[in-house]
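Trainee: I would like to learn how to read an interface, a sheet and a few backbone oddities. Can we go through them in turn?

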Amino acid sequence: MAKNIMIVGVGGQGTLLASRILGNTVINEGYDVKVSEVHGMSQRGGSVVTYVKYGDKVYSPIIDRGEADIILAFETLEAYRALPYLKKGGCMIINNQKMNPMPVITGAAKYPENITEKISSKVRTEIVDAVSLAKEAGSIKAVNVVLIGIMAKSTDIAYERWVETIKQTVPEKFIDLNLKAFALGYNL
Amino acid sequence: MKKLMLGNAAVARGAYEAGVTVVSSYPGTPSTEITENIVKYPEIYAEWAPNEKVAAEVAVGASMAGARAMSACKHVGFNVMADPVFTISYIGTNGGLLFCVADDPGMHSSQNEQDSRHYAKAAKLLMLEPSDSSECKEYTKRAFELSEKYDVPAVLRLSTRVSHSQSMVEINERENYELKPYEKNIAKNVMMPANAIKRHIEVEKRMEALKEFAENTELNTVEINEGNIGVITSGISYMYAKEALGNRVSYLKLGMVYPLPEKKILDFAAKFDKVYVIEELDPFFEEHCKAVGAKNIIGKEAFTLLGEYTPAMIKKAVLGEDRPEFDESDEQIPARPPVMCAGCPHRGTFYVLKKLGLVVSGDIGCYTLGAVQPLSSVDSTICMGASVSAALGMAKARGKEFNKKLVSVIGDSTFIHSGITGLIDIVYNKGANTVIILDNSITGMTGHQDNPTTGYTIRKEETKQVNLIALCKAVGVGRIVVADPFDVKNFEKVVKEEVSADEPSVIIAQRPCALLKKVKYTGHCTITDKCKKCKMCMKLGCPAISSDGDGVKIELNQCNGCGLCVNVCPFEAIKKEEK
C-alpha cells in the first residue's frame, strides 16, 4: 500500500524543495516513489499542490479526494482547500500563516475565519507557527524544512536518514540552517 | 544507477544516451525542461530558437546532415511547427529525428486543450507515448532507432502529468553515434511536385510497414488478468487505470500510439465482454477500435472529452465503485488565482491602459494576467503573436476612431516569435495601430529563458542582441518610444500620444522582470498618515497591498520596495523606506 503525502501552499513558499527532500529520503529507504508537481501559470502566487507517493510500487502520480495520509499545508486557506483530499484518519500539519489571495485583497471574497479550529473539529491536525521556528533557525525561508521536520516524526524513517538527504539536497552554504530548521520541527 | 527524474529530464537523458548532438526548441509549459535539461550535457548543441517552426527546421537540417536531432514544444507550439513537419514527413530522415510534444489536459498553463495525437495521423508520423519517467527515457531512445529504420520523423507525445512527475530512471551510458554521411539527394530532399509525388508513395509504404511493426512490437503490451473486462489505454491514463483497477481487468497498453495495430486490438477485444478505451481528450483510440470493427468497445460514453482523468473517476466508470469518503468545509473557499508578482513591470502598463479605458489586444505570457481582477485590462488572447495582427483586423473592421482606443500588448520573446510579422502587416497595409512591446528582458512565463533580445544564449554565452528599436524602424515604423511603465505619469502621456497618431507606432515598455537576479529592489513601501483612503493603490492588484478596515495596508513580507504604488498615490501618502 502506497503512502500518500500532499504538500499545499502558495507559489513561492518553497513547497518544491520540501517535496524534493521528501522524495529523496524515501528513495534512499528503497521505496518506489512518484512526485508530481505543476509548473507554469499556477506558480505566479497561485495555489500550488505537490503530490508525493511512495510504497512497493506506485502507479498514478496524483492523489485524489479522500486519499492523502498526510497533508502538509504551508498556509491556512490552502489547508482548508485541501481538506477533502485527506484520508479518513489522516493527519493535517498546518503552518499557521495567513496569506490573502487576490479576491480577498480586492474585496470580492472574504478570508474564512478560524480556519484551523474548523479543520481541527473535523480531522486530526497539528498546528504550528513554522514562521517563528524558521526565524529561530536563521531564515524565514526555512519554513519548508521546519514542516518537513514535523512530518518526519510521523514516518518510520530514522532521524539520521532525513539529515543525510537534507545534506544531499540543499546547497552547501544552507546545510546548517536547514538542519537546524529540521531539528526544530522534529523535536516540537 | 537509478535516479528520481522529472519526465522531461528523462527525455533529455534519453536523447543524450541516444547520441543526439543537435536540439533546437522554443520554450512552452509543460515541455520547457526537456531542453533546459539538454543543456546539462556539453556534448549536445542546444539552442532556444525564435519560434517552433524555426526550431523544427534546425532539427531537420541537422538530421539531413546526418546527426540525431530533436526539437521539443508544447501542444500549441506544434501548430507553429506543423508547416515544416508535414513536409519533413515526406523527406524522412538521415540521422534520427524526434519531435517532442507535451499536451496539457486540464489546461494548467495553456490556452486550449488540443490532442496532438491527431497530428501523427494527419502528417503520417510515428508517435510513441510514455507513461512515466523511465519510459520517457526508453521511448526517446527507441524513437531515434525507429526513425532511422523506417525513414520517418518520430514524435514523443507527453502530457503535463508525465512531463512534470518525477519517478525512477535507470541511467545508462551515451551511445557513440557517428554522423551518417551527407549525400546530395534531390529526389528525397527537394520537395517540389515531381519529387513529392514519388515520396508520397514511399510515405504510404513506410506507414504500412509501421502498422505491421505495431502488431508485434513490445511497445504495445498485453497484460491478461482475471475477469471479463479489457482496457485499452496509453500514457498517464494507463497509470491511472492500473491504480484504479489493478489486476481486476486486463490491459492493452499502447506505447506506440500511431500507427495503431489492427489485429492486436481485434484479438484483445474479442477476449472480453466489455472493453473500455481509457484516453484523456479525444476518442483517438476509440474511433480506431470501432473503425477496425472491434466489438464491445466503451469509450467516451463512460468518460469525458474534457480535462484530466483520475483513478477515482476510472474506478467509478469501469467498476461502479465510489471514491473513499472525505471531509469537506461547509463554506465557500475563496480561489487563489495566479497573480502578477510584486514588482512586476507589467502592472504599471496595465494600470495605465485600464485608466485610459483602452481596448487591449493581448498575447501569451505572464501579461495575460492583465485580464484578471482588478486590472482586467486585456480584451482578447488567442495565440503567440495574435495581439498585433488581430488588432489590425479590429482597426480595419471598426475604423480610425476605434483604432485610437486600441493597443496591442506583447512580450519581447513573443514579439520575436511571431509578433514582428503582424507589425510588418500593419506597416505594409497602411494600418495605424499602436503596439506596446512589454520588454522585461527575459521570457518570463516559462521560467526565465533567454531569447534573441536578451543578448545571451541558452548556455548563458554572450551573443548578438536583437535591437528592438532598430528592428521596428527597419520594417517601417516611424514612431518608436521607449518608456518606463513604472513612471506612470509619463507612460500615460506616451500612450495617449501614440494611440492618437495616424501612423503605426511602437512603445517599448522597458523594465526587467522583478524575479531576475540583476533586479535589486530594496526596502519596502509604507502607508503614511497622509493617506486619504482613496484606495487608488488597490487598483494595482499588488499582492502586497490589501484593505485594512476602511484604509489600506502594505504587507512587509510581500512588498519588495519596487515603488510603483508610490508613483500612483495622488496624495504622496506612500513612502519608500530603505531597511
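Mentor: Start at the interface. The count between chain A and chain B is 19 residue pairs in polar contact, both residues at pLDDT 80 or more. A polar contact is a pair of N or O atoms within 3.5 Å; within protein, one must be able to donate a hydrogen and the other to accept it, and residues adjacent in sequence count only if both atoms are side-chain atoms. Now the ground rules. This is a predicted model, where local features need pLDDT of at least 70, side-chain atom pairs count only at pLDDT 80 or more, and totals for chains, interfaces and linings use all residues. Residues are numbered from 1 along each chain as its sequence is written, chains are lettered from A and ligands numbered from 1 in the order in which they are written, and side-chain values use heavy atoms, with hydrogens and water left out.

Trainee: Which elements of chain A supply at least two residues each of the side that touches chain B?

Mentor: They are α1 (15-28), β2 (32-36), β3 (47-55), α2 (76-82), β5 (86-95) and α3 (102-105) of chain A. Helices (H or I, at least four residues) and strands (E, at least two) are DSSP runs, numbered from the N terminus. β2(A) gives the largest share, five residues. By type, this side of chain A divides into 24 nonpolar, 13 polar and 15 charged residues. Here Ala, Val, Leu, Ile, Met, Phe, Trp, Tyr, Cys and Pro count as nonpolar, Asp, Glu, Lys and Arg as charged, and the others, Gly among them, as polar.

Trainee: How many residues does each chain put into the contact, and what area do the two chains bury?

Mentor: The size of an interface is often given as the accessible area lost when the parts come together. Chain A gives 52 residues and chain B gives 56 residues, with contact meaning heavy atoms within 4.5 Å. Between them the chains bury about 4,800 Å², 59% of it on carbon and sulfur atoms. Buried area is the accessible area (1.4 Å probe) that two parts lose on being put together, summed over both.

Trainee: How many salt bridges cross the interface of chain A and chain B?

Mentor: Side chains of opposite charge can pair when their charged atoms come close. The rule asks for a side-chain nitrogen of Lys or Arg within 4 Å of a carboxyl oxygen of Asp or Glu. It finds seven across this interface; the structure holds 50 over all chains. One of them joins B:Arg336 to A:Glu75, with the closest N and O atoms 3.0 Å apart. B:Arg336 sits in the loop between α13 (311-319) and α14 (345-355) of chain B, and A:Glu75 in the loop between β4 (68-73) and α2 of chain A.

Trainee: What is the strand order in the open sheet of eight strands?

Mentor: Strands of a sheet pair through backbone hydrogen bonds, either parallel or antiparallel. Two strands pair if DSSP finds at least two bridges between them. The order is β6(A)-β5(A)-β4(A)-β1(A)-β3(A)-β2(A)-β8(B)-β1(B), with mixed pairing. β6 (124-128) of chain A and β1 (2-6) of chain B stand at the edges, each with a single partner strand, so one side of each lacks a neighbour in the sheet. Neighbouring strands are turned by 20° against each other on average, direction ignored.

Trainee: Where do β2(A) and β8(B) pair, and in which sense?

Mentor: β2(A) meets β8(B) (residues 165-170) in the antiparallel sense over two bridges. A:Ser36 has B:Ser165 as its bridge partner. β1(B) and β8(B) are also antiparallel, over five bridges. There, B:Met5 is partnered by B:Ser167.

Trainee: Which residues of chain B follow a cis peptide bond?

Mentor: Most residues other than glycine have a negative phi, and most peptide bonds are trans. The bond from B:Thr29 to B:Pro30 is cis, with omega near 10°. B:Pro30 is in the loop between β2 (22-25) and α2 (32-38) of chain B. The bond from B:Tyr258 to B:Pro259 is cis too, with omega near -10°. B:Pro259 lies in the loop between β12 (256-258) and α11 (263-270) of chain B. For phi, look at B:Ser376: the value is positive, about 25°, although this residue is not a glycine.

Definitions and conventions. Axes are lines fitted to C-alpha atoms, for helices over the stretch in contact, and angles run from 0 to 180 degrees between N-to-C directions.
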